[in-house]
Amino acid sequence: MPLYESQVLRIYNSLTGKKEIFKPINEGHVGMYVCGPTVYSNVHLGNCRTFMSFDMIFRYLRHLGYKVRYVRNITDAGHLVDDAEDGEDKIAKKARIEKLEPMEVVQRYTLDFHNILEKFNFLPPSIEPTATGHIIEQIEIIKDILAKGYAYEVNGSVYFDVATFNKDHEYGKLSGRKLEDMVANTRELAAQDEKRNPQDFALWKKAEPQHIMRWPSPWGDGFPGWHLECTAMSTKYLGETFDIHGGGMDLKFPHHECEIAQAEASYGQPPVKYWMHANMLTLNGKKMAKSTGNNILPGEIFTGENDILSKAFAPSVVRFFMMQAHYTSILDLSNDALLASEKGFNRLMDAYNALKNLNTGTTSDFNVNEWKQKCYDAMNDDFNTPILIAHLFDAVKHINLIKEGKEQITEVDKTLLLEALNSFVFDILGLEQNAGTSQDTEKLSQVVQLLIDMRKEARDNKDFATSDKIRDQLAEMGIQLKDGKDGTTFSIQ
Ligand SMILES: [Zn+2]
C-alpha cells in the first residue's frame, strides 16, 4: 500500500498522449522495463540522461512505498548497424575492427556503462538481463508468432508480417503512424530482398558463414532481431502485461512499435499500460554526434578533458543539471549551463548543511508542511523535477533568512524540513553531498594548501620537526602529501 495514498500520481502516457492517473496492475507493486544500452562503445551522455530519468522515477516510486521490479536490459547481440535489417551486428563489427571476441567488446563496454552509472549515483535495477542470455525465450516467441500466422520464414530468416498483423491489430499506434502512409512513402525494395513488405522486420536472421555471433534454431544457425529481445525479457520477468515501459524518444519507432506488435501477436493483448519516453540531450544547441565533433563523453565531464568545457564538473552537478529539466523536455548542455548548475547545487548543499546547525525559535515563519505538500504535488505531476527544485530553492531562501536572524523556525519544523530535504534531495533526486567541487571541498583544499606552504617555510628554516609533524598528521587524516620537482601536491582518501 503506497504511503502517500491520498496523493495521486499522474504519468504522461506516450501511447494515449495524455497525463493519466497511475494505477498499477497489482496494487502496491510496479513492473517497469527500460531499454538498456547496446554495449559496443562508451555510454553516450544522451543515454545517461534517459537512464537517469528512469532512475529518478524508480527512486520516487519506491519512495511512495511501491515494491518496484525494475528491469533494464543489456543489448549484447542483435542490434544492427544503422538499425537497418541488412547491416552488420554492432558488436560483431566492433569486434572485427578491434580484433576482439564479441564478448570482450560486451564486457569492456558493460563495465564502462556500470562505472559511469555508479559515478552518477544510479540505483542498480532489480534485474539486468542480457539478450544473449535469453536466446531460447526469443526462439519460443518466434515459434508462437509463426504458429499464429503473423510471421513467415524465408531462407533461414523469420520476418514479422506487418500487413497481416495490421488486419487484426493496429500497427503504428504508439508513434501515431498509419501503415498505409508508411507503405505509400517507402520506395520499392530491391528484388533480392526477402521481405514481403518493407515494413516487415526480422525476428530471426540467418547467420552468414562469416558471422561470428550465431545460435542454432529451428530455422538454422542465426541470431535474433533486436526488437525481439525486449519482448522476451520483459515478458519473462514482468509478465505479458506490465505497468511501465520506458526508453529514449528515439526508440518509439520502430523499436517500441515492434515490441507492441510482437507481444500482441503472441499474447493477444497490449503489453504495456504506461509508455514513457525521455527526451534528448543536445550540446551547445546542436545534436550530439561523433562525426561532427559536437560530442562529449560522461567521463570527460568529470575530468574536464574536452575543449567544450572550462573545467571539470562533479557527477552530482551534472545530475543536478539534468534534473533541472523535465524528462520529456529537450535539454541543452553547455559549459555555461553546467557552471550555473554548479552554483545552484552548492547553494543547495550549503543551505542543507547550515540547516543542521540553525538555532530554533518559538514560532515558524515558514510553513514546512505546506511546502512539503507542494514538493509532492510537483513530483506527482508526471515527476516534475524542475518544479520540485524551484520549491527546494524556496526552502533555501528561508534557511538563509533564519541563519541571518530575519526569520524563525521551531525545532519540530526544523526536523521536518531536514527529513523532507533528505528525501527529496538525496533519495529522490539522487544527489550526493560529497560532490567534489562543493564549497566545503574547495575550502578544504585551500586549508591543505596553506599547510603545504607552512611546511615549506619550516623546511626552508630547517625546522624539520614542524615540517614532519604537518606531513604525518595530515597522513593520519588520510591526506597524503607528495613532493615533486614542481612542488608539493596532495590527495585526499
Ligand atoms: Zn528495447
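**Exercise 1. Contacts of a core residue**

Which residues does L45 touch, not counting residues up to four places away in sequence?

*Solution.* The structure is a predicted model.
Step 1. Leaving out residues up to four places away in sequence, the residues that L45 touches are F120, L281, M288, I296, P298, I301, M322 and L333.
Step 2. L45 and I301 are also among the residues with the most contacts inside the largest nonpolar core, which has 125 residues. Others named there are F160, W371, F383, L392 and L417.
Step 3. Helix α1 (residues 45-63) gives this core its largest share, ten residues.
Step 4. The core lies between domain 1 (3-278) and domain 2 (282-435), because both domains give residues to it.
Step 5. A second, separate core has 14 residues, including Y33, C35, V71 and W226.

**Exercise 2. The zinc site**

Identify the protein donors of the zinc ion and state whether C230 and H255 are buried or exposed.

*Solution.*
Step 1. The protein donors are the SG atoms of C35 and C230 and the NE2 atom of H255, at 2.0 to 2.1 Å from the zinc ion.
Step 2. Their spacing in sequence is C-x194-C-x24-H.
Step 3. C230 belongs to helix α7 (residues 226-238) and H255 to helix α8 (residues 252-267); the two residues are 25 residues apart, and the pair links distant parts of the chain.
Step 4. Buried means under 20% relative accessible area. C230 has a relative accessibility of 1% and therefore counts as buried. H255, with a relative accessible area of 1%, is buried as well.
Step 5. The donor C35 is also a member of the second core.

**Exercise 3. The open sheet**

Determine the strand order of the four-stranded open sheet, and explain why one side of β4 and of β10 is left without a neighbour.

*Solution.*
Step 1. The strand order is β4-β3-β9-β10, with parallel pairing.
Step 2. β4 (67-72) and β10 (272-278) are at the edges; each has a single partner strand, so one side of each lacks a neighbour in the sheet.
Step 3. On average, neighbouring strands are turned by 20° against each other, direction ignored.
Step 4. Between β9 (residues 242-248) and β10 there are six bridges in the parallel sense. Here I244 stands opposite Y274 in β10.
Step 5. Helix α7 lies across β3 (29-34), β4 and β9, and runs at about 160° to β3. This helix also holds the zinc donor C230.

Definitions and conventions: Residues are numbered from 1 along each chain as its sequence is written. This is a predicted model: local features need pLDDT of at least 70, side-chain atom pairs count only at pLDDT 80 or more; totals for chains, interfaces and linings use all residues. Side-chain values use heavy atoms; hydrogens and water are left out. Donors are N, O and S atoms within 2.8 Å of the metal (3.2 Å for Na, K and Ca); water is not among the atoms, so sites may look incomplete. Buried means under 20% relative accessible area, exposed over 50%, partly exposed in between (1.4 Å probe, protein chains only). Two strands pair if DSSP finds at least two bridges between them. Axes are lines fitted to C-alpha atoms, for helices over the stretch in contact, and angles run from 0 to 180 degrees between N-to-C directions. Contact means heavy atoms within 4.5 Å. A nonpolar core is a set of buried Ala, Val, Leu, Ile, Met, Phe, Trp, Tyr and Cys residues joined through side-chain atoms within 4.5 Å. Domain bounds come from an automatic or database domain assignment.
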